[in-house]
Amino acid sequence: MTELSININGEHIKADVEPRLSLADFIRDRQRLTGTHLGCEHGVCGACTVLMNGEPVRSCITFAAVADGSEITTIEGFDQDEPMAQLRQAFHENHALQCGYCTPGMLVAARDIVTRLPDADEDRVRLELAGNLCRCTGYVGIVKAILSVLEQRRI
Amino acid sequence: MKPAKFEHQRMASLDEAVKALGNAEGETRVLGGGQSLGPMMNLRLAQPDVVLDLSKVEGLDGIEETGNAIRVGARVSHARIEDGEVPGKTGDYMQFVATGISYRSVRNRGTIGGSVAHADPSADWPSALLALGGSVTAAGGNGIRTISLDGFTVGPFSTGLGWDEILTGFELPVLGTDANWGYYKVNRKPGEFADAIGAVTLGVEARAVCGATESAPFRVTEIEERLASGVQEVSIAEVRDILDRYDAGFDDYELQIHAVALSRAVQGAFA
Amino acid sequence: MADGGSVDGKGIGARVLRKEDARHLAGKGKFTSDFKRPGQKEMAFVRASVAHAHIKSIVKPAGYEHAIFTSEDLPGLKPMRALSKLPGYKLSDYPALAAGKVRFAGEPVAVCVADSRADAEDIAQMVEVEYDILPAVTDMLAAKKPDAPLVHDEWEDNIVFETFSDDDFQKIADEATVVIRREYRMNRQAMNPMEGKAVFAEWDDRQDQLMMWTSTQVPHLIRNGLAEFLDLEQRQVRVIAPDVGGGFGCKALLQPEELVAGYLTRKLECPIRWIEDRREHLVTGANCREHHYQITLHATPDGRMLGLDCDVTVDAGAYSVYPFTNGLEGAMAHGNLPGPYNFKAYKCRTQTTVTNKPGLMPYRGVARPGVCFAMEMTIDALAREIGMEAHEIRMKNMVPESAMPFMSIAKKHFDSGNYAKSVEMAVDMIGLEKVRASQGVPTDDGRIIGVGMGSYVEQTAHGTSVFSSWGVAMVPGYEQATVRLTPDGGLELRIGVQSHGQGMETSMAQMACEVLGIDPDNVMVTHGDTGLTPYSTGTYASRSMVMAGGATARACRVLAERMEIIGAHLMQCERTEVSIAGGKVVSGKGEVSFAEIGRVWYLNPDELPEDVDQGGVEVTMGYRPEPDSGAFTYASHACKISLDVETGKVKVLDYVIVEDCGTIVNPMIVEGQTFGGATQGIGTALLEESLYDEMGNPGASTFADYMMPSATDAPMYRVDHMESPSPFTEYGIKGMGEGGTIPTPAAIGNAINDALKQIGAEVMETPFTPRRVRAAIEAARDRKEGEAA
């Protein structure tokens with residue numbers, strides 16, 4: 001067991017974890033924050049994307065033990081966040097989700113795009129999204145939603 | 001898809017890590033950002049007994065220019081390089097390479113040192129840095145050692161690091177402000193591993209690398225000679241002929257895309 | 001008819017935003033893998049490491065015997081058997097855990113149970129299985145050869161069944177002076193919903209009932225299967241599908257892991273969870289497609305199609321899947337190959353073979369992406385041969401609107417539509433003339449441009465007679481819906497189909513809105529629970545909106561009549577003076593809200609009229625279109641691609657879709673389904689392939705090897721709609737969930753071949769990987785050099 005001290009969505013947590021426990025499983029099974037999803041468990045699909053110290057990371061290939069001392073924000077932790085509020089509304093209006101499984105990871109990645117790359121155009125948005133797979137939407141609504149939030153934030 | 005059991009040792013310093021590596025029993029792996037090792041462990045393709053976690057070790061994440069070299073710490077993330085933290089023309093080249101590695105959420109954790117030490121043949125840094133030149137620094141039981149990047153990658157998942165050594169950083173050449181460089185990757189999708197890499201820099205010397213091979217990336221001296229003599233274009237057919245003389249184990253398609261990558265890297269260098 | 005029009009334009013045809021979105025956007029969706037109970041155990045499977053072998057021994061590691069179960073340890077667990085009435089069809093049993101022999105790599109051999117998945121995998125890793133390896137057959141054509149190894153020892157060959165229809169080609173021989181022969185292959189792939197399969201099983205002692213939460217499209221069929229193969233009474237099984245993270249067909253089947261979980265939860269007296277990981281999904285859980293075509297098209301020099309002669313082979317893998325069997329692809333290929341075209345002679349043989357690969361499963365579009373690919377690619381080959389634009393051939397040979405309804409050469413009863421118009425519109429949208437003009441000019445980066453299209457007609461919402469003709473034992477009948485007014489005037493709607501991303505909580509509420517004028521926000525749709533909903537065969541084959549939507553409309557109409565009786569009484573007027581509008585019962589004398597009706601029925605029945613319907617404000621109605629031969633959706637897709645001649649890499653630059661699914665319930669959802677489907681088609685066309693080597697070892701077991709379409713692979717689709725209502729369905733609705741996937745491989749393949757025309761090369765096998773495109777180019781150059789020499 002490894003000791004872990006971590007902040008998740010503003011809450012300080014101390015826990016003993018098996019070294020092999022992924023950050024994703026710690027969040028889902030131990031903290032019961034089930035909005036973070038597992039789609040491939042090898043770092044390709046992006047469903048498990050969370051913020052670690054403000055930057056998006058794959059929680060499926062990050063061991064919880066290695067995340068010691070970090071601040072994690074999961075999809076459940078963005079209630080006071082302006083870009084996330086904008087994205088949620090835009091995803092809703094642009095039919096950017098169907099089954100909803102990729103959505104939490106997609107939103108965390110999208111938030112990174114709209115905050116880090118304010119000038120991104122459609123090609124750039126698509127490139128930045130390449131690491132988040134959606135099997136339902138064909139990405140049309142997702143790309144439109146992100147472009148609309150970028151536009152909103154430029155005004 | 002969960003990893004096998006292992007012992008996690010959180011290292012506080014490089015000294016501690018080197019000692020731990022020297023004393024470790026069973027298969028021991030050094031964990032940088034974990035973006036290559038993590039998936040392999042989840043798939044149980046890697047089942048180390050001990051994982052030495054370097055994430056809290058200080059002094060591995062610096063970037064500094066020292067006269068005619070740029071020092072880049074092993075734990076510098078791809079994302080920091082993508083964001084332009086490496087200065088000058090060398091930084092421009094490395095920024096271009098970093099931007100094409102996997103996805104941003106992987107680049108935030110993945111490290112340049114981890115990538116080179118892991119030595120996946122289809123990863124970017126082993127090829128890109130070979131084309132840049134310079135050296136690797138490593139710490140081991142016998143102290144700090146500098147190893148030339150030429151020949152550092154020995155084969156798939158195999159490097160010149162000793163069993164008790166940890167890669168700590170790189171000393172890379174400063175490309176002059178008018179130096180040309182080109183980098184071209186053939187892959188199926190953005191972020192996917194490369195099927196072929198062509199990398200060219202024209203610093204103090206001309207370097208041209210054929211990468212993402214079955215084994216280690218290699219320098220293509222015929223092309224370097226041409227570049228050194230002022231040639232600014234090498235056709236795909238010419239590169240094919242040249243590469244065909246190397247014993248790289250390419251089938252026809254692989255030969256073709258490696259020729260494309262190198263030819264286009266040259267083209268990019270003078271675009 | 002009591003239709004009340006819609007509130008604020010939220011009924012049929014309205015672009016209503018989805019009710020499902022809020023929970024998913026907040027991360028509060030509830031998927032099966034989110035379930036956790038005290039004392040639960042997780043399963044991990046020991047899977048066959050070889051494709052074909054006798055199991056010599058399974059050795060359990062000492063100390064873990066109690067946590068490992070083989071088929072011998074699970075007495076009474078029956079193998080899955082999917083029945084078919086197709087003539088000559090050979091049945092095969094699919095054991096939940098291999099008994100004696102394994103027939104594909106990845107087949108479950110033993111199950112390990114522990115507190116965590118990681119612990120269960122540790123145990124699985126220690127189990128030693130010794131095999132007597134047998135020669136494997138991994139190619140469908142090789143499987144037909146007389147000396148091929150037998151996948152099922154008790155069969156005399158590897159052929160599951162054949163269909164054959166002959167025709168007289170002499171009648172067209174004089175005219176058919178152009179003959180096009182081609183060989184096409186659509187390779188095996190995997191479905192890959194982002195949520196894999198997941199199961200949570202628990203035995204409820206109070207009800208003496210197996211409770212199974214499972215990620216499925218067909219909860220009632222899962223119940224049928226669990227009861228049959230676990231030897232339980234149907235009342236002892238309740239299946240609930242919570243949020244389902246995509247399905248696309250693989251979740252319309254019972255999986256061995258579901259059976260094992262259902263068995264073990266009772267045996268071990270603890271909740272059991274199994275979450276399929278991506279490797280399991282790619283290697284065992286959802287293989288699909290894999291057809292081979294040897295096709296000959298007879299035509300006139302001016303592009304009239306006269307006859308089609310085709311040999312189709314389907315690689316069904318080792319086992320037949322429950323309940324839809326492995327016969328669906330072959331049976332459907334036969335009937336759908338001619339597409340929207342009319343010609344005089346049609347001859348087709350299909351052979352479905354078994355191989356040492358996972359059982360083939362019905363994936364979005366089932367068989368039609370394959371047949372459309374073969375047909376549409378052949379049409380373009382004809383166009384190149386006779387020097388005509390392919391769209392002209394399409395328009396010339398399609399069944400015209402004036403002929404509707406029309407019995408096609410493959411005995412499909414086309415209901416309505418203007419097929420040629422969709423072609424014309426797509427050609428216009430893609431700007432064919434402009435593309436043609438630009439093709440002469442080489443691009444800066446050495447890419448060449450191609451344009452191509454694909455058209456299809458798709459039978460949706462197949463009824464009883466159609467499924468019956470495919471021989472499957474699980475035939476859908478009358479679809480039912482239950483509606484119930486709540487005491488405060490809201491509506492509960494219960495249907496047995498299951499949404500797995502289609503937004504049925506919204507579209508079905510729109511249907512209720514259309515009839516009752518009730519705001520969709522006040523309608524709660526409940527589905528996916530065998531304990532709460534009417535029986536249904538579930539969501540597949542583009543059927544739910546037509547079938548469950550139709551049933552909903554009917555149930556709402558009966559409810560409306562009953563509410564009118566109560567409303568008329570409360571307003572002291574005649575029944576004939578009232579109607580339903582805007583969520584109220586209205587008359588010249590005033591109005592009564594649904595809440596008022598609810599109050600009276602539930603809380604103040606003393607105010608009810610004498611003639612009130614004693615069934616009250618809860619109604620179940622059944623529905624089936626008449627005739628039930630299906631509603632035929634159609635579309636034409638056109639695309640523009642660029643091709644890097646040196647690398648063979650293809651990029652989709654522009655993609656247009658003209659589709660007609662009859663009356664559109666929610667255009668936003670229709671477009672979403674279409675774009676998603678088309679992107680899966682791009683995956684089939686360019687990226688996705690489940691490779692197996694000669695030994696039957698899977699070569700694509702992670703997303704590093706199996707390429708999924710990303711945002712960079714999909715274009716910003718442009719879409720236009722036509723609306724030809726079906727004369728046979730409620731409101732003229734046609735099914736449309738699958739259509740987007742069907743013509744995409746053909747459209748892209750045709751665009752590639754259009755670009756390659758100048759080189760004389762042609763691709764004929766999906767996915768059109770850079771390697772395959774380069775091979776085609778090299779072959780054409782070699783051919784030319786050979787001709788020159």
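How many helices and strands are there in chain B? In this predicted model, chain B holds 10 helices and 14 strands. A convenient place to begin is the overall form of this chain. Along the principal axes, the C-alpha atoms of chain B occupy a box of roughly 55 × 40 × 35 Å. The radius of gyration of chain B is 18 Å, which agrees with the value near 18 Å that a compact globule of 271 residues would have. Of the 271 residues in chain B, 57% are buried. Contacts in chain B also reach along the sequence: among those between residues at least 6 apart, 63% join residues at least 24 apart.

Chain B is divided into domain 1 (7–53), domain 2 (63–173) and domain 3 (180–269). Between domain 2 and domain 3 of chain B, the C-alpha centres are 20 Å apart. Domain 2 of chain B brings 22 residues to this contact, and domain 3 of chain B brings 23 residues. On the domain 2 side, the elements that give two or more residues are helix 4 (88–99), helix 7 (124–132) and strand 8 (153–155) of chain B. Helix 7 of chain B provides the largest share of that side, with 7 residues. By class, the side of domain 2 of chain B that touches domain 3 of chain B consists of 14 nonpolar, 7 polar and 1 charged residues.

Attention now turns to a sheet in chain B. Strands of a sheet pair through backbone hydrogen bonds, in either a parallel or an antiparallel manner. In chain B, an open sheet of 5 strands follows the order 4-5-10-6-7, and its pairing is antiparallel. Strand 4 (63–66) and strand 7 (143–148) of chain B are the edge strands, each pairing on one side only. From one strand to the next, the twist averages 25 degrees. At one edge, strand 4 of chain B is joined by 4 bridges to strand 5 (residues 69–73) of chain B, and the two run antiparallel. One of the residue pairs here can be picked out by name: B:Ile63 stands opposite B:Val72 in strand 5 of chain B.

Chain C is likewise described by its domains. The division gives domain 1 (38–134 + 193–284), domain 2 (286–398 + 418–464 + 627–788) and domain 3 (478–623) of chain C. The centres of domain 1 and domain 2 of chain C, taken over C-alpha atoms, are separated by 35 Å. Their contact involves 27 residues of domain 1 of chain C and 31 residues of domain 2 of chain C. Helix 4 (219–230) and helix 6 (278–285) of chain C are the elements that give two or more residues to the domain 1 side, and helix 6 of chain C gives the most, with 6 residues. That side of domain 1 of chain C has 16 nonpolar, 8 polar and 3 charged residues.

Finally, the two chains meet. The contact between them takes 18 residues from chain C and 15 residues from chain B. On the chain C side, helix 2 (117–126), helix 6 and helix 18 (770–788) of chain C each supply at least two residues. Helix 2 of chain C gives the largest share of the side that touches chain B, 4 residues. The residues of this chain C side divide into 4 nonpolar, 4 polar and 10 charged. Helix 6 of chain C thus appears both in the contact with chain B and in the contact of domain 1 with domain 2 of chain C.

How values were computed
Residues are numbered from 1 along each chain as its sequence is written. Chains are lettered from A and ligands numbered from 1 in the order in which they are written. This is a predicted model: local features need pLDDT of at least 70, side-chain atom pairs count only at pLDDT 80 or more; totals for chains, interfaces and linings use all residues. Two strands pair if DSSP finds at least two bridges between them. Axes are lines fitted to C-alpha atoms, for helices over the stretch in contact, and angles run from 0 to 180 degrees between N-to-C directions. Domain bounds come from an automatic or database domain assignment. Two residues are in contact if their C-beta atoms, placed from the backbone, lie within 7 Å. Ala, Val, Leu, Ile, Met, Phe, Trp, Tyr, Cys and Pro count as nonpolar, Asp, Glu, Lys and Arg as charged, and the others, Gly among them, as polar. The radius of gyration is taken over C-alpha atoms; the globule rule is 2.2 Å times the number of residues to the power 0.38. A residue is buried if 20 or more other C-beta atoms lie within 10 Å of its own, exposed if 12 or fewer, and partly exposed in between; C-beta atoms are placed from the backbone.
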